[in-house]
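Here is a quick tour of a protein chain, with an eye on its charged pairs and a few spots on and under its surface. Have the sequence and the model open side by side.

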Amino acid sequence: MMNSYLKIIMATLLLCSQTVFSQSTKFAKEISLFSAYVGTWKAEFEVAQGQPSVVDISKWERALNGKALRTLHSINDGEYGGESLIFFDKTKQKIVFYYFTTAEFFTQGVIEVIDDKSFAAYEDVTGNSDGITKVKSISTLQKDKMNVSTSYLKNGQWTTPEQRVYRRTSAKVVFK
């Protein structure tokens, strides 16, 4: 008799935990692409020989009851970092985002879904002291890695796209 009660309790707990998990990972359909990106990612940037290493840790998480995606990232344990909120703007009928940085500038942009594993982001930059006024990037998810190609409109000229490969990690995003 006790054994059957224990089985019922265990089955109920399992069912409840699965329900809570599925609710906590579900996104609004317009941004459901991002559910596959949830987690923490790490990229080591290519740098010129003799230059210090550059490591970016990026955490992607569900926010606002699945109506938004929140990203946090820090470079070199907080030397630079930022936070974004990505959501579907019903008025514009587009996926939009705002990105705020520790360098006291921010961006706002639009995301275009390319396919179920890729998206392009187009950003307008406000307050950047390095002459960057726009950013465009393409991100593609491939199993356990995310490939990101980014180009900057700097002093009126587009830079050559920079390629970065992010891999899943247990590292933490750090801010100073």
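In which strand is Tyr98 found? Tyr98 is part of strand E5, which covers residues 94-101. Bear in mind throughout that this is a predicted model. Tyr98 comes out as partly exposed, since its relative accessible area is 31%. Together with Phe100 and Phe106, Tyr98 makes a nonpolar surface patch of about 280 Å².

**Salt bridges**

Now for the charged pairs. The structure holds six salt bridges, and here are some of them, with N to O distances:

| Pair | N to O distance |
|---|---|
| Lys59 and Glu61 | 3.4 Å |
| Glu83 and Arg70 | 2.8 Å |
| Asp124 and Lys134 | 2.5 Å |

Start with Glu83 and Arg70, whose side chains meet at 2.8 Å. Glu83 sits in strand E4 (residues 80-89) and Arg70 in strand E3 (residues 68-75), so this pair ties together parts that are 13 residues apart in sequence. Glu83 is partly exposed at 32% relative accessible area, and Arg70 is also partly exposed, at 27%.

What joins these two to Lys59 and Glu61? A network of salt bridges links Lys59, Glu61, Arg70 and Glu83. Is Glu61 buried or exposed? Glu61 counts as buried, because its relative accessibility is 18% and the cut-off for buried is under 20%. Its partner Lys59, by contrast, counts as partly exposed at 34%.

The side chains of Asp124 and Lys134 form another salt bridge, at 2.5 Å from N to O. Asp124 belongs to strand E7 (residues 118-126) and Lys134 to strand E8, so the pair ties together parts that are 10 residues apart in sequence. Asp124 is partly exposed at 37% relative accessibility, and Lys134 is partly exposed at 35%.

**Two serines**

Strand E8 (residues 132-142) also holds Ser137. With a relative accessibility of 12%, Ser137 counts as buried. Which residues does Ser137 touch, leaving out those up to four places away in sequence? Its contacts are Phe119, Ala120, Ala121, Ser149 and Thr150.

Ser32 is in a loop, the one between helix H1 (2-25) and strand E1 (39-44). At 36% relative accessibility, Ser32 counts as partly exposed. Try picking out Ala68 as well: the C-alpha atoms of Ser32 and Ala68 are separated by 9.7 Å, with their positions 36 residues apart along the chain.

Definitions and conventions: Residues numbered from 1 in each chain as written. Predicted model: local features only at pLDDT ≥ 70, side-chain atom pairs only at ≥ 80, totals over all residues. Heavy atoms only, no water. Patch = residues over 30% accessible without salt bridge, like charges linked within 9 Å, V, L, I, M, F, W, Y side chains within 5 Å. Areas by Shrake-Rupley, 256 points an atom, 1.4 Å probe, with all protein chains shown as cover. Salt bridge = Lys/Arg side-chain N within 4 Å of Asp/Glu carboxyl O. Helix = DSSP H or I, 4+ residues; strand = E, 2+ residues; numbered from the N terminus. Buried < 20%, exposed > 50% of the residue type's maximum accessible area, 1.4 Å probe, protein only. Contact = heavy atoms within 4.5 Å.
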